[in-house]
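Please walk through this protein with the sequence and the 3D view side by side. The text below starts with how its elements are named, then turns to the bound ligands and finally to the backbone.

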Amino acid sequence: MDTIIASELQGGGFDREKERKAFDETKAGTKGLADSGINILPKMFIQPSDERVQNSSIHDANLRVPVIDLAGLDNDIDREKIVQEVLYASQKWGFFHVLNHGIPMDVLDRMIEGIKMFHEQDLEAKEELYSRGKKQVEYNSNYDRRMKAAIWRDTLAVNCSYTDHLDPKLLPPICRNTILDHIDEVLKLGNTILELLSLALGLKPDCLKEMEGDKGWTCVYHYYPPCPQPELALGTEKHSDSSFITVLAQNQIGGLQVLHENQWVDVQPIPGALIINIGDILQMISNDKLKSVLHRVRANRVGPRISAAFFFTGLATSPKTCAPIKELISEQNPPMYREFTIGEFFANYFSRSLNEDRYKHFMI
Ligand code: OGA
Ligand code: NI
């Protein structure tokens with residue numbers, strides 16, 4: 001099997017660009033392929049051998065991403081303990097689950113259901129939103145063309161990283177209200193997490209807010225259909241997030257993995273919990289004290305898996321600059337990154353190749 005795939009990937013009559021274009025023109029996404037009943041994965045989705053889940057490094061089934069209960073936040077003693085847990089998780093894992101995060105279950109459940117309904121409605125209802133980076137609210141599959149193999153997922157993206165104004169009428173009617181409720185709640189929770197992270201870094205509580213970590217955002221609502229040959233595909237390629245922090249909600253299918261001490265660790269869904277992870281911008285302004293960690297999503301034979309990744313990105317149009325926070329640097333610990341604006345950070349993100357070091361352009 002593998003030798004056949006290898007020769008096909010090396011040419012053998014397969015025109016990747018042509019296959020991609022034809023796929024794009026259907027506007028039906030990977031959901032459309034899954035619905036067509038295929039039982040062989042089209043070649044454009046076949047990952048190079050070293051990116052496939054069973055071939056890439058050890059997989060430790062006993063390791064667990066930290067779980068932090070925010071229930072005692074209003075009480076000084078519990079709060080101190082929570083801050084220490086946040087610090088540990090953000091330094092060692094770059095990822096943690098939060099329980100009792102304050103977002104009503106019902107808001108999360110309705111959002112997941114709304115996203116499922118959006119992706120599962122007739123093509124005519126969603127194809128007008130099919131676009132790649134041109135609209136503030138858009139639907140697509142395989143947004144990032146720098147990847148060699150395509151990924152097995154479709155996405156509805158809402159981009160408020162360039163303007164903090166969102167006209168609700170741009171949101172698809174089928175999930176408009178559920179998305180608006182989700183956004184409202186996550187913005188509140190994000191502020192709480194940014195405060196906890198400021199305290200964890202030994203700074204005043206509103207420090208990350210003053211750096212505009214709460215300003216711009218993008219939310220991607222993913223739909224991962226059942227995949228006919230999950231061992232050859234990926235739902236999301238290995239990457240780190242270009243954000244201050246990310247707040248991730250998911251249904252109970254599972255598939256997210258994080259790279260921890262060189263091992264891929266499964267992030268088991270916990271009912272009612274949300275996942276928080278540290279992004280590249282926070283790693284840089286914390287001068288590498290906090291870690292933006294690589295993660296990916298396995299493709300699955302069952303589904304759909306639904307997730308919502310809400311990136312606190314900062315505003316790309318803001319003149320304000322970011323740099324390692326001065327309280328965190330000293331003679332022994334000099335700044336590792338130069339000053340940059342969020343606009344510059346995103347321009348670099350989209351212009352570099354995927355194998356290029358994500359921090360290189362900003363390192364001193
Ligand atoms: C992302 C991401 C994970 C998921 O969109 O950046 O990592 O569970 N998503 O969908
Ligand atoms: Ni991510």
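Helices and strands are here DSSP runs, of at least four residues for a helix and at least two for a strand, and they are numbered from the N terminus. With that naming, the loop between β11 and β12 can be located, and Pro 304 lies in it. The model is a predicted one, which should be kept in mind throughout.

A convenient place to begin is ligand 1, which sits in the largest pocket. The elements that give two or more residues to the shell around this ligand are β5 (217-224), β11 (295-298) and β12 (305-312), and the largest share, 4 residues, comes from β12. The residues around ligand 1 include Val 220, Tyr 224, Leu 248, Val 297, Ala 309 and Phe 311, together with His 222, Arg 305 and Ser 307; by class, the shell has 6 nonpolar, 4 polar and 2 charged residues.

Three side chains bring polar atoms up to oxygen atoms of ligand 1: a polar side-chain atom of Ser 307 lies 2.6 Å from an oxygen atom of the ligand, while for His 222 the distance is 2.8 Å, and for Arg 305 it is 2.8 Å. Of the 290 Å² of accessible area that ligand 1 has on its own, the protein covers 95%.

The shell around ligand 1 also contains His 239, Asp 241 and His 295, and these residues lead to the metal site. The nickel ion (ligand 2) is coordinated by His 239 through NE2, Asp 241 through OD and His 295 through NE2, at 2.1 Å, and in sequence these donor residues are spaced H-x1-D-x53-H. Because Asp 241 lies in the loop between β6 (234-239) and β7 (245-250), whereas His 295 lies in strand β11, the pair ties together parts that are 54 residues apart in sequence.

Two details of the backbone remain. Most residues other than glycine have a negative phi, and most peptide bonds are trans. Against that background, a cis peptide bond joins Gly 303 and Pro 304, with omega about 5 degrees. Lys 27, a residue other than glycine, has a positive phi near 55 degrees, and Lys 27 lies in the loop between α2 (16-26) and α3 (29-35).

Terms used. Residues are numbered from 1 along each chain as its sequence is written. Chains are lettered from A and ligands numbered from 1 in the order in which they are written. This is a predicted model: local features need pLDDT of at least 70, side-chain atom pairs count only at pLDDT 80 or more; totals for chains, interfaces and linings use all residues. Side-chain values use heavy atoms; hydrogens and water are left out. A residue is near a molecule or strand if one of its heavy atoms lies within 4 Å of it. A polar contact is a pair of N or O atoms within 3.5 Å; within protein, one must be able to donate a hydrogen and the other to accept it, and residues adjacent in sequence count only if both atoms are side-chain atoms. Accessible areas come from the Shrake-Rupley method with a 1.4 Å probe; for residues, only the protein chains shown count as cover. On a 1 Å grid over the protein atoms alone, a cavity is a set of points where a 1.4 Å probe fits but cannot get out, and a pocket is an open set with protein on both sides within 12 Å along at least five of seven lines; lining residues have an atom within 4 Å of a point. A molecule sits in a cavity or pocket if more than half of its atoms lie within 2 Å of its grid points. Ala, Val, Leu, Ile, Met, Phe, Trp, Tyr, Cys and Pro count as nonpolar, Asp, Glu, Lys and Arg as charged, and the others, Gly among them, as polar. Donors are N, O and S atoms within 2.8 Å of the metal (3.2 Å for Na, K and Ca); water is not among the atoms, so sites may look incomplete.
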